[in-house]
Amino acid sequence: MALNPNLTSTSGLNDASAIYYDRVLLEFLKFPLFFQESAEKRPMPGKNGTQIQFLRPVVLSVATSPINEGVNPNGALWNTTKILATPLQYGNYVAFSDRLVLEAYDNITEAIHEVLGYNAGLTFDTLQRNQMQGNMTIQYTGSANTEGTVSVACAAIDFRKAAKALQSLAVLPFEDGCFHGLLHPATAADLQADSTAGGWLDVNKYISIDKNHEKVLRGEIGKLFNIRFQATPNIATGVGAGSPGAVTYHNWVIGKQAVGSVDVANEGIEKIVHMPGDAGVADPLNLTGSIGYKFYSVFPVLDSNRAIEVIGTSAY
């Protein structure tokens, strides 16, 4: 089936339909964006070059010397580490026939928007996950020092160690005063079953229905050692990677300004709709259409010490 070569027209939908389907696409796009939620976001540069710039200030030495009366001390030198990142383009589409639209019982156009919206969000989330994996601080459960020797399920003590490590490096928490954690559902079950004193706290125990209370994070399930945890199936797994042949789970504890990202929620994603009839002579019988998306993204590591990848097995 020849695909429509026209890359700009969206005239096949009336204005009201286009607005509705834009909303459907964005609603399903945001659903799986777990890694994006903890990223330091920047807008796409419009007519301002091809790169996004992040500046990481260099920590100043503490001022422990007293000031002599009437004598100004030497000032500190302000310095930053410049991190440049070049966004790349990604996208996907679904092609369909005019007969499918005509004969299908369901609203095929809306269904395609929903599927593509979810696919766009999951693609974006996976790209960020893959960029972080192996490039941040790694911590293994038990006495393991490689993924191949991991044989112990994740427990509360592992995340206490991770929180302590971030706090020891003066890594800032997020605006809610907590670090953010991303767990595979299997690891979430491990922590929920851990009976360690002062351990797991279910989300309904500290989140109020009061509108003035702190906002629930997407997929938030609980808190442990000042870490607010979200459960997501988009955690990397190593099938047979542990010992002996155990499945490993790459969970996360993330501090502020660990990784950067394009702010896809506000810009950077474009929906493209070509209904049958848009292609002109390339589709003389108006037989085919397509719906797709494309976006720019890049996920530079801003500081590898500000996020910890906790790798362990699971009892579930």
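S4 and strand S14 (residues 288-297) pair in the antiparallel sense, with 10 bridges between them. Gln89 stands opposite Tyr296 in S14. The model is predicted. Helix H4 (residues 108-132) packs on the sheet that holds this pair. Strand S11 (residues 248-254) and helix H5 (residues 156-168) are also covered below.

**Three-stranded sheet and helix H4**

- The sheet is open and has three strands, in the order S4-S14-S13, with antiparallel pairing.
- Strand S4 (88-97) and strand S13 (269-274) stand at the edges; each has a single partner strand, so one side of each is left without a neighbour in the sheet.
- On average, neighbouring strands of this sheet are turned by 10 degrees against each other, direction ignored.
- H4 touches S4, S13 and S14.
- The direction of H4 makes about 25 degrees with that of S14.

**Strand S11: burial**

- S11 is mostly covered, with seven of its seven residues buried.
- In a regular strand, side chains alternate between the two faces of the sheet.
- Both faces of S11 are covered.
- Thr248, His250, Trp252 and Ile254 are buried on one side.
- Tyr249, Asn251 and Val253 are buried on the other.

**Strand S11: pairing**

- Strand S6 (residues 179-183) runs antiparallel to S11 and is joined to S11 by three bridges.
- Gly181 has Val253 in S11 as its bridge partner.
- Strand S10 (residues 237-238) also runs antiparallel to S11, with two bridges joining them.
- Gly238 stands opposite Thr248 in S11.
- Strand S15 (residues 307-312) pairs with S11 in the antiparallel sense over six bridges.
- Trp252 of S11 stands opposite Glu309 in S15.
- Two of these bridge sites involve residues buried on opposite sides of S11: Trp252 is on one side and Val253 on the other.

**Helix H5**

- H5 has 13 residues.
- From its first C-alpha to its last, H5 reaches 18 Å, close to the 18 Å expected at 1.5 Å a residue.
- Its buried residues are Ala156, Asp158, Phe159, Ala162, Ala163 and Leu166.
- Seen down the axis of H5, these buried residues fall within an arc of 160 degrees, so they line one face of the helix.
- The face turned away from that buried side carries the exposed residues Lys164 and Ser168.
- Ala170 follows H5 and has a positive phi, near 60 degrees.

How values were computed. Residues are numbered from 1 along each chain as its sequence is written. This is a predicted model: local features need pLDDT of at least 70, side-chain atom pairs count only at pLDDT 80 or more; totals for chains, interfaces and linings use all residues. Side-chain values use heavy atoms; hydrogens and water are left out. Buried means under 20% relative accessible area, exposed over 50%, partly exposed in between (1.4 Å probe, protein chains only). Helices (H or I, at least four residues) and strands (E, at least two) are DSSP runs, numbered from the N terminus. Two strands pair if DSSP finds at least two bridges between them. Axes are lines fitted to C-alpha atoms, for helices over the stretch in contact, and angles run from 0 to 180 degrees between N-to-C directions. Contact means heavy atoms within 4.5 Å. The expected span of a helix is 1.5 Å times one less than its number of residues. The arc is that of the directions from the helix axis to the C-beta atoms.
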